[in-house]
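Biologist: I would like a close look at a single part of this protein. Please walk me through the sheet, strand by strand.

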Amino acid sequence: MSLTSLLIVLAATSTIFTAANGSGSCIPAERAALLSFKAGITSDPTDLLGSWQGHNCCQWSGVICDNRTGNVVELRLRNTYISADTRLFWCVPEGEPDPLQGKISPSLLALQHLEHLDLSGHNLGGVGVPIPKFLASFNKTLTYLNLGCMNFDGKLPPQLGNLSRLLHLNLASPVSTQTLLHSEDMSWVSNLHLLRSLDMSGVNLTTVGDWVRVVTLLPSLEDLRLSNCGLGLPHQPVVNSNRSSLQLLYLDNNRIDTLNPAYWFWDVGTIKELDLSTNQIAGQIPDAVGNMTMLETLALGGNYLSGIKSQLFKNLCNLKVLGLWSNEVQQDMPEFVDGFPGCANSKLRSLDLSLTNLTGGIPSSIKKWSNLTELGLSNNMLVGSMPSEIGHLSNLEVLVLQNNKLNGYVSEKHFTSLLKLRYVDLSRNSLHIMISSNWVPSFSLKVARFAGNKMGPHFPSWLKGQKDVFDLDISGASIADRLPGWFWNVFSKVRYLDISFNQISGRLPGTLKFMTSAQRLDLSSNSLTGLLPQLPEFLTVLDISNNSLSGPLPQDFGAPMIQEFRLFANRINGQIPTYICQLQYLVVLDLSENLLTGELPQCSKQKMNTTVEPGCIELSALILHNNSLSGRFPEFLQQSPQLTLLDLSHNKFEGELPTWIAGNLPYLSYLLLRYNMFNGSIPLELTELVELQILDLANNRMSGIIPHELASLKAMNQHSGIRSNNPLASQDTRITLHADKVRVIKYDSGLQMVMKGQELFYTSGMVYMVSLDLSYNNLVGEVPDEIASLVGLINLNISHNQFTGKIPDNIGLLRALESLDLSFNELSGEIPWSLSDITTLSHLNLSYNNLSGRIPSGNQLQALYDPESMYVGNKYLCGPPLSKKCLGPEVTEVHPEGKNQINSGIYFGLALGFATGLWIVFVTFLFAKTWRVAYFKLLDKLQDNMQLSVAMISAKGYCFQSTIVTP
């Protein structure tokens, strides 16, 4: 504690005895303490402490004094986004919405009568900043302490256990920031005997094993919230509790994987709210849930529960909220409605059965839930029409039926009585929404999603009155009309706008800066015209691709925080402005299929006249194919280390490929440079790109040989699987009914590749594609044997070059290959018989080489389309499918390589047989003595006879010689 803070505390102590009784005026020492606290605040963007001036601190905002003594007893300074002591689904990230920033001054200790301290939602922590231990000194007075969502870091101070008078303690922590509150021991909590509510959501309690014992020692505990703490429950319960005070229990987003019927909370008959959602619970719901007759909220969504039937809840007559999303309901929708407890029909407020495999239709009996405010049935297999009885649910605020198989007509009578409706999502069904153009809704929507249904052909004019909408999605709604004049004014407040995949025409306004809340605009695949407008300041995603925009890009089009910028397939001309270099958050830039010309911006400090280091440091995908861009390989990419996809194909780029590509772009997975004028040899450094799975250098002027270091391309020498994330995917994160986030993934653009002799476009499937295309260049030398190590290749095309030598004998190792093109080279020798081992091959072209010998046979080769054309131009080839016959015996199933294998097998068999026979004889003689003696006697006899015969022959020869020489 500083000397100044200590003096303030001492002054406050002495001033208490001199304060006027009943005056209610501020005590000077306490005012000084508050001003010292204010001095520790470095940022107050909402002027929360603006009233903290003057002598009477009891009139300051958030300060409450005792009317009798004038002492400060309450300090209520929570961030405005936390409206009440309600549950937070997540803490707002740092910087939003404009919290206080700074540090908590220990001068607060001068407030010796402080009973209530609430600083929640403000950024008074930070990396390495723990909860101040001095707060434990309020042990004689403090009954309420709320430090939730304050971005503190480190270990929870056990000294908080000294606050024995506490009734309410909130230490909830953000889970998506760089800070992390944690604790290995919760025993200090058991000292808080008077505690009624405890919230430690987001605090890492993974290593705390006895948390159940600790919380069951708190006799007055009514509200326990331990969400997102990494907690589990023992499979065999070790604690039985007779707690009769607990009413709210939140254990969602933990690691609980089972529900034992003997768990302590099943026996707590006072529980009104039980949340076990988003865990890992499998199996069935215990029957014990039926004993919790006081239960009003039951949240089990986001688990792996099965066999759920509505009869399980027959005794839960007080049930108001039931969340079963992302489990398996073992009933169709009519059965579930009929089996629901009738005693709860009028009390049910919220029902979420999304992602539960529900079948059948929505029954008309749904109207019995007359007080229902939220209904979620999305992502199921519901069929039939949307019953008009839904329109009888006059209290309904949220209706989510997206992604089912509903059909039929929807008219204004479905909505006439829904006066409170604010959130409707009918997207991805086959509904025909036929609402009169003269109808004026009585509700005011916040979210309106109708994607994939039929709303056209005319633009739905009933939307004209929905000025409070912040999320509008009418994509793919069969609208073929001109954008009405009121559109941009009515929806000026939107955050998310999607009108894509219609036939909407009209000219874009010159500026969209008036859309101050806009974060995502998708206007793609329509017939919109005009120039690119000035963009909203906080826009992060823009897609106006597949329209008819024209003219050049503005030198400064705004949207400094843009992350995805997609303008492909328009008529935009001119050069790419240097403003692109200032977009530090840009992840995807797609300007393909336009009329762009000139060189890419240099992005240097001198060119941009700036002191800030330029460059798209977050850039993951740069797609510029099918323009008329020129110049050398873009140098500014040296400052884009996250680049995954680079497509410069079908342009006029020239020069040699730089050697820095591998060093500066280590994550490059897709490199497409076809149809340019690049020259020189293939840089050896390219083989260091371990993530590279598509390399397309076709139709350039490359020369030299194929590097032998191809085996270093690790992404190509692995077998099938997803090797990288898809940079073409546009991910739209939206909030769902159960306060979770869902990602909607859309693919607009695609990679243009030549495979199997034709141009193909790849979108979602590109993550599975592995391709090497070096065709139409001036490459020479032999095809290296190392190319067969790229076993993940699906497409290999090195045609139209000047390769010589033989096709590698081990080419058959490329077992994943679907397309192989070696045509128009100078390859010689025989076609390797291992080629017939590639059973996945569906396209083969070996035409116009100098190949000779018999064409390999095999079921896969014989099944290929137009077999003769793939061998044409090789006049020394023979055998089927050609008409030219081969000399010598016909070879059918056995490869020439196979003959060597057979011969080797014969020799091996002979050797093995000889050794085995010799071993049998040896073992027989070893154990059969009479056989052994007889055998060796026979050998001795044979030896004697041979010696005698040799002696007789020698003697006869001597006599014959003597006869001749005698006179």
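Which residue of β32 does T529 stand opposite?

Modeller: T529 stands opposite S548 in β32. Keep in mind that this is a predicted model. Let us build the sheet around that pair.

T529 sits on one of two neighbouring strands. Strand β30 covers residues 527–530, and strand β32 covers residues 548–552. Two bridges join them, and they run parallel.

Now move along to the next neighbour. Strand β34 spans residues 571–574. β32 and β34 are joined by three bridges, again in the parallel sense. Here P552 stands opposite N573 in β34. So far, then, β32 has β30 on one pairing and β34 on another.

Step back for the whole sheet. There are 11 strands in it, and the sheet is open. Read the order as β28-β30-β32-β34-β36-β38-β40-β42-β44-β50-β52. The pairing is parallel. The two edge strands are β28 (505–507) and β52 (802–804). Each of these pairs on one side only. Neighbouring strands are turned against each other by 15° on average, ignoring direction. What holds such pairs together? Strands of a sheet pair through backbone hydrogen bonds, either parallel or antiparallel.

Go further along the order. Strand β36 takes in residues 595–599, and strand β38 takes in residues 628–631. They run parallel and share three bridges. One facing pair is easy to find: T597 stands opposite S628 in β38.

Next comes strand β40, residues 652–656. Three bridges join β40 to strand β42, residues 677–681, and the two run parallel. Look for E656, which stands opposite N679 in β42. On β42 you can also find G680. Its bridge partner in β44 is M702. Strand β44 holds residues 701–704. β42 and β44 run parallel too, with three bridges between them.

Now set the sheet in the whole protein. The protein has 10 helices and 57 strands. Its length is 967 residues, and 51% of them count as buried. Take the contacts between residues at least 6 apart in sequence: 59% of these join residues at least 24 apart. The exposed surface is about 43,100 Å², with 53% supplied by carbon and sulfur atoms.

What about the inside? In soluble globular proteins, nonpolar side chains tend to be buried together. The largest nonpolar core here has 243 residues. W211, F265, F415 and F565 touch the most other members. Helix α3 (residues 211–215) gives this core its largest share, four residues. Apart from this core lies another one, of 14 residues. I623, I694, M755 and M769 are among its members.

F415 is worth a look of its own. Leaving aside neighbours within four places in sequence, F415 contacts M386, V410, L421, V424, L426, I435, W439 and F443.

Finish with a residue on another strand. N845 is found in strand β55, residues 843–845. Is N845 buried or exposed? N845 counts as buried because its relative accessibility is 17%, and the cut-off for buried is under 20%. The side chain of N845 makes a polar contact with the side chain of S847, at 2.7 Å. Beyond four places in sequence, N845 is in contact with L820, D821, L822, S823, S869 and M870.

Methods:
Residues numbered from 1 in each chain as written. Predicted model: local features only at pLDDT ≥ 70, side-chain atom pairs only at ≥ 80, totals over all residues. Heavy atoms only, no water. Buried < 20%, exposed > 50% of the residue type's maximum accessible area, 1.4 Å probe, protein only. Contact = heavy atoms within 4.5 Å. Areas by Shrake-Rupley, 256 points an atom, 1.4 Å probe, with all protein chains shown as cover. Core = buried A, V, L, I, M, F, W, Y, C linked by side-chain atoms within 4.5 Å. Pairing = 2+ DSSP bridges. Axes fitted to C-alpha atoms, helices over the stretch in contact; angles between N-to-C directions. Polar contact = N/O pair within 3.5 Å; in protein donor to acceptor, adjacent residues only side chain to side chain.
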